[in-house]
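The following exercises concern charged side chains, helix packing and contacts between parts of a chain. Each task is followed by a solution in steps.

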Amino acid sequence: MNDIAKHHWWQKAVFYQIYPRSFADGNGDGIGDFAGMISRLDYLQQLGVDAVWLSPHYPSPYVDCGYDISDYQGVAPEYGRMHDFRQFLDGLHQRGMKLVLDLVLNHTSDQHPWFIESRSNRHNPKRDWYIWKDGKEGQPPTNWYSTFGGSAWEYDKLTSAYYYHYFFKEQPDLNWRNPAVKEAMFNVARFWLDMGVDGFRLDAIGTIFEDENYPPIPDGMSQEELYRLARNSLNPEADEKVLSYWARMYRYQSDQPEVHQLMKELRILLDEYEDRVLIGETDDLAFYGNGNDELHLNFNFPLMRTQRLTAKHVRRNQQERLAALPVRAWPCNTLGNHDSARVYSRYGDGENNSAIARLNLMLLLTLRGTPFLYNGEEIGMSDLIIEDPGRFRDPLSRLYAALDQKVMGSDKKTATLTGAMMGRDRNRTPMQWMDAPNGGFCPADIEPWLPVNSDYHTGVNVNAQEKDPGSLLNFYRALIKLRMQSPTLQTGAYEEIDPGNEEVLVFRRWDGSGSYIVALNFSDALQRAHLPDNPGMNIFCNIPNSVGWETGALPLLPYQGVIFSQERTVD
């Protein structure tokens, strides 16, 4: 039997990411907030998710969409007060759900009191809380790049020195080699854990340390040349080449060995509290440590890092990822988040998006490991390409538009389109709750912080889909419920079955209490899946199938998925 009681809650859970600025506006100012989230607690419970990952809710100048934090122990005033945060946390717990916060360790905002003190003069006690280097203006200490464009060094005239920033210049990197920094940030973690939060998703953990010798990048491709190569990439092989050049460019600025000792110490802190979780924004399996002494989870980003989900891609991903996991480490799968194109847009073909979205969810919720969903996926929200650069809120959109004009010679219209496509506003637009002005996100006479996709008129909204038994939302609810009722789907073993057909993925989830056979056709043509004898009862399907069994094979319609069960579900 599968003794599911021996597994932690985060191994069995379905996580749901909330982008707070866009989820629900409770006070009618066009910005999502805690009052709005509190009003939607029952919605989350009815969806069936077990845990919420909340993107940054802290006070911030909002240069990098909240990831530039000016107070780690506060609540952004536009989102509410600490009382509202506590009410949201308590509301989740009362409904049997957990809350994981985004914790940004690498950097602060340049408006954080620590940095204001650090830059005030060379002798300030917090000077060494950040990374400062002497140098003449116009002659930075190294030729390192910021991943968000330009030099990684910003000259500060007040003290005639440079400070280091991996991201925007408004996000100075903390100096984690200073024990006072570690103590202060660990106290931040304790502050929220003492309040009752259930863990953290750690942002950009690979960038926390830099090579302390600060060697120059050897002569090679410039950032603009790398951008040109990426823009001209036409196939997966070219994409891999871009990633290889990128890794070489930032090799001294990321994934330094010291970060693993820091994660071990943070894990010890977390283990002082009962059953909390650390999740890293990384796919590097080294962050699992020995499987029990660093992160509990890190993301299987290679699964989503493809232009099209295919059976071949998923099969290879699972074979490589599961084989490489340290003993006792637990897998974690996702297909989308606040930094990537929406699943509906990214993997849809423009004609079969609805079936493909259902097929992808069947994959995500039946693979071995903890699944993560992003708000809005459950109603099929798609990317919104903003054509007016004045409505851009993500500085990366403006950066890419400028680069496109400079490097590619694009006209303004083309560059604006490129900025909209490569930035992150497109997948952060407000949640669509009903067929009403602004999708019911905020009042009709209020302009939301980002435009609302007009497809809320065509049924892409919660209210319409709740009333439709065949809607994507109700498909999500039904499949999440199936997973919740099945210990085997939550924690059972994974075994690939050779279907004799490269277009079809067939695998078995099993334990002592039974088994499931999952057959997924990722192609646009009728396929035949070769299944074991007596696979069980057909209990779930994304497309009603009028085609019956054939001798030794199951016909699968284009983008059809079927789940067979030999397990009695739990009420």
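**Exercise 1: A buried arginine**

In this predicted model, the side chain of Arg-509 comes to 3.2 Å from the backbone oxygen of Leu-367. Determine which other backbone oxygen lies 3.0 Å from a polar atom of the Arg-509 side chain, and what the nearest side chain of opposite charge is.

*Solution.*

1. Locate the residue: Arg-509 belongs to strand S13, which covers residues 504–511.
2. Examine the backbone: the oxygen of Leu-489 is found 3.0 Å from a polar side-chain atom of Arg-509.
3. Examine the charges: the nearest side chain of opposite charge is that of Asp-511, at 7.6 Å. A salt bridge requires the nitrogen and the carboxyl oxygen to be within 4 Å. Arg-509 has no salt bridge, although it is buried.

**Exercise 2: A salt bridge between distant parts of the chain**

The structure holds 27 salt bridges. For the one that joins Glu-294 and Lys-264, state where each residue lies and classify each as buried or partly exposed.

*Solution.*

1. Distance: the N to O separation between the two side chains is 3.5 Å.
2. Location: Glu-294 sits in the loop between strand S8 (277–280) and strand S9 (297–298), while Lys-264 sits in helix H10 (residues 258–270); the two are 30 residues apart, and the pair links distant parts of the chain.
3. Accessibility: Buried means under 20% relative accessible area. Glu-294, at 2%, is therefore buried, whereas Lys-264, at 26%, is partly exposed.

**Exercise 3: A salt-bridge network**

Arg-424 forms salt bridges with Asp-339 and with Asp-394. Identify which residues are linked in the network of salt bridges that includes these three, and describe the two pairs.

*Solution.*

1. First pair: the closest N and O atoms of Arg-424 and Asp-339 are 3.7 Å apart. Arg-424 is in the loop between helix H16 (412–422) and helix H17 (462–466), and Asp-339 is in the loop between strand S10 (332–334) and helix H13 (343–346), so this pair ties together parts that are 85 residues apart in sequence.
2. Second pair: for Asp-394 and Arg-424, the closest N and O atoms are 2.8 Å apart. Asp-394 lies in the loop between strand S11 (370–374) and helix H15 (395–408), 30 residues from Arg-424.
3. Accessibility: Arg-424 is buried at 9% and Asp-394 is buried at 0%, while Asp-339 is partly exposed at 33%.
4. Network: the linked residues are Asp-64, Asp-339, Asp-394, Arg-424 and Arg-428.

**Exercise 4: Surroundings of a proline**

Establish whether Pro-395 is buried or exposed, and which residues Pro-395 touches beyond four places away in sequence.

*Solution.*

1. Pro-395 is part of helix H15.
2. Its relative accessible area is 12%, so Pro-395 is buried.
3. Beyond the excluded sequence neighbours, Pro-395 touches Val-63 and Phe-168.
4. Pro-395 and Cys-65 are 330 residues apart in sequence, yet their C-alpha atoms are 8.7 Å apart.

**Exercise 5: Crossing helices**

Two packed helices are described by the angle between their axes and the distance between the axes. State both values for helices H5 and H7, and name the residues that make the contact.

*Solution.*

1. The axes of H5 (residues 82–94) and H7 (residues 179–195) come within 11 Å, crossing at roughly 55°.
2. This angle makes H5 oblique to H7.
3. H5 contributes Met-82, Phe-85, Arg-86 and Leu-89 to the contact, and H7 contributes Phe-191, Trp-192 and Met-195.

Notes
Residues are numbered from 1 along each chain as its sequence is written. This is a predicted model: local features need pLDDT of at least 70, side-chain atom pairs count only at pLDDT 80 or more; totals for chains, interfaces and linings use all residues. Side-chain values use heavy atoms; hydrogens and water are left out. Helices (H or I, at least four residues) and strands (E, at least two) are DSSP runs, numbered from the N terminus. Buried means under 20% relative accessible area, exposed over 50%, partly exposed in between (1.4 Å probe, protein chains only). Lys and Arg count as positive and Asp and Glu as negative; His and the chain ends are not counted. A polar contact is a pair of N or O atoms within 3.5 Å; within protein, one must be able to donate a hydrogen and the other to accept it, and residues adjacent in sequence count only if both atoms are side-chain atoms. Axes are lines fitted to C-alpha atoms, for helices over the stretch in contact, and angles run from 0 to 180 degrees between N-to-C directions. Angles under 35 degrees count as roughly parallel, over 145 as roughly antiparallel, 65 to 115 as roughly perpendicular and the rest as oblique. Contact means heavy atoms within 4.5 Å.
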